[in-house]
Amino acid sequence: MKPTLLLTGPADLLAAVPYLIGFHPADSMVVIGSAGEELRLSARWDLPLAPDRIGRIVPVLRREGVTAVILAGYGPERLVTPAVGTVTGLLARAGIRVAEALRAEGGRYWTYSCPGLGCHPAEGIPYDPFSSRVAAEAVLHGLVALPDRQSLLRSLEPSGGAAMRRITGRVVRELRARLTETALRDDGFAAAFVADGLARGRDAVRRYGSGGRLTDHEVARLGLDLAVIRIRDEAWALIDDSDAHVTLWRDVTRRLEPGFAAPAASLLAAASWWRGDGVLAGVAVERALAADPGYSMAILLRQAVTGLVPPAVFRGRMPTPGDLDREMGPPRASWLLPLHRLLARAQPGAAR
């Protein structure tokens, strides 16, 4: 079930925002869309706004059935006020109601929704974004608000260290020895190899769903398995609303050697986007493209995140594992070529 937070006023709303987007924003415009009492969308942009990007929000709000929007600008008045004016005008022209518009800075807030003077003191109204009732409820629900976006980026930085490099080196050597020229022409070998990789992927999801964790060797092997598109796409097709997928792919992304992280980071982006966490999805895409700038799944997900494609669109188009079997047919030796190429260009530090 989705966490429920009771918001009774502007201070509660501002206290909830960091838990909706995953970190405490600064110099940001946050748009929160709801239908009745149900949250449908939360999105954030850096200030000053890029007009070409903010304009994409209107069709998304319409597709999500949003009936009211709350704007929360974080930062100095010179940045927030023009942005609020831009977004308010955009929504007014689209016939979408702005229920509240706020500016927050330094633990105080101001409202743009008051029609006259005297709505609040010039110095703003104090609020507590860290130890309020709403913050406590959010933590009890398992929601997390990191100090800033850089903290979110750091949460996906490689964490494996020297031990993981040694283990990855051993796994790379083992797979190089197995993927001989003969093996790369043998469909039967490919079928057995893919079947093993699919089983490892399914087991990993089950293990993280029950609170378990992969060993370093299992992480290294699964990370390389994902270079085979059929194995990666199976993991993608298995994504659902459970926490297991985000937990699994976040852990694997962090522990893999950087050069091997693009598939796992892309799966983390897909799992995050599925759950409506566009901020984590965007950071995961950055991590994937840092590992492989041309990785097609990451590029596709970047387009979805920056274009504000609703998660429901992805959910409706995702194939099932059975669909993949029908679409891709029986395993072929050529399926292993991406892994073979990855092993061939593995960095020396991961191959010793």
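This is a short chat about side-chain pairs, one helix and two backbone details in a predicted model.

Me: What kind of model is this, and how are residues numbered?
Reply: It is a predicted model, in which local features need pLDDT of at least 70, side-chain atom pairs count only at pLDDT 80 or more, and totals for chains, interfaces and linings use all residues. Residues are numbered from 1 along each chain as its sequence is written, and side-chain values use heavy atoms, with hydrogens and water left out.

Me: How many aromatic pairs are there?
Reply: The count comes to 2 aromatic pairs. Rings of Phe, Tyr and Trp (its six-membered ring) pair if their centres lie within 6.5 Å; planes under 30 degrees apart count as stacked, over 60 as edge-to-face and the rest as tilted.

Me: How are Tyr109 and Tyr127 arranged?
Reply: Tyr109 and Tyr127 form an edge-to-face pair, with 6.1 Å from centre to centre and 70° between the planes. The pair links distant parts of the chain, 18 residues apart: Tyr109 is in strand β5 (residues 108-111), and Tyr127 is in the loop between β6 (125-126) and α5 (133-140). Helices (H or I, at least four residues) and strands (E, at least two) are DSSP runs, numbered from the N terminus.

Me: Are those two tyrosines, Tyr109 and Tyr127, buried or exposed?
Reply: Both Tyr109 and Tyr127 are buried. Buried means under 20% relative accessible area, exposed means over 50%, and partly exposed is in between (1.4 Å probe, protein chains only).

Me: And why is the pair of Phe189 and Phe193 called tilted?
Reply: The ring centres of Phe189 and Phe193 are 6.0 Å apart and the planes are at 35°, so the pair is tilted. Both residues lie in helix α8 (residues 187-209), 4 residues apart, about one turn of the helix. Phe189 and Phe193 are both buried.

Me: Which residue lies over the face of Trp110?
Reply: Arg103 does, at 4.0 Å from the ring centre. A charge sits over a ring if NZ of Lys or CZ of Arg is within 6 Å of the ring centre and within 35 degrees of the ring normal.

Me: New topic, salt bridges. How many?
Reply: The count comes to 14 salt bridges. A salt bridge is a side-chain nitrogen of Lys or Arg within 4 Å of a carboxyl oxygen of Asp or Glu. One of them joins Asp203 and Arg207, at 2.8 Å from N to O.

Me: Where are Asp203 and Arg207?
Reply: Asp203 and Arg207 are in helix α8, 4 residues apart, so about one helical turn separates them. Asp203 is partly exposed at 29% relative accessibility, and Arg207 is partly exposed at 23%.

Me: What does Asp251 pair with?
Reply: Asp251 meets Arg213 in a salt bridge (3.0 Å, N to O). That pair links distant parts of the chain, 38 residues apart, with Asp251 in helix α11 and Arg213 in the loop between α8 and α9. Asp251 counts as buried at 11% relative accessibility.

Me: Which residues are joined into one network?
Reply: Arg202, Arg230, Glu234 and Asp325 are joined into one network by salt bridges that share partners.

Me: Back to α11. How many of its residues are buried?
Reply: The helix is mostly covered, with 9 of its 12 residues buried. Among them are Val246, Leu248 and Trp249. The buried residues of α11 pack against α7 (161-178), α8, α9 (216-225), α10 (229-237), α12 (262-274) and α13 (278-291), where contact means heavy atoms within 4.5 Å.

Me: Where is Ser210?
Reply: Ser210 is in the loop between α8 and α9, and it is exposed, with a relative accessible area of 62%. The C-alpha atoms of Ser210 and Ala244 are separated by 8.2 Å, although the two are 34 residues apart along the chain.

Me: Last topic, the backbone. Which residues does a cis peptide bond join?
Reply: A cis peptide bond joins Leu47 and Pro48, with omega about 0°. Pro48 is in the loop between β2 (38-46) and α2 (51-54).

Me: What about the phi of Asp27?
Reply: Asp27 is not a glycine, yet its phi is positive, at about 45°. Most residues other than glycine have a negative phi, and most peptide bonds are trans. Asp27 is in the loop between α1 (10-21) and β1 (28-35) and counts as partly exposed, at 35% relative accessibility.
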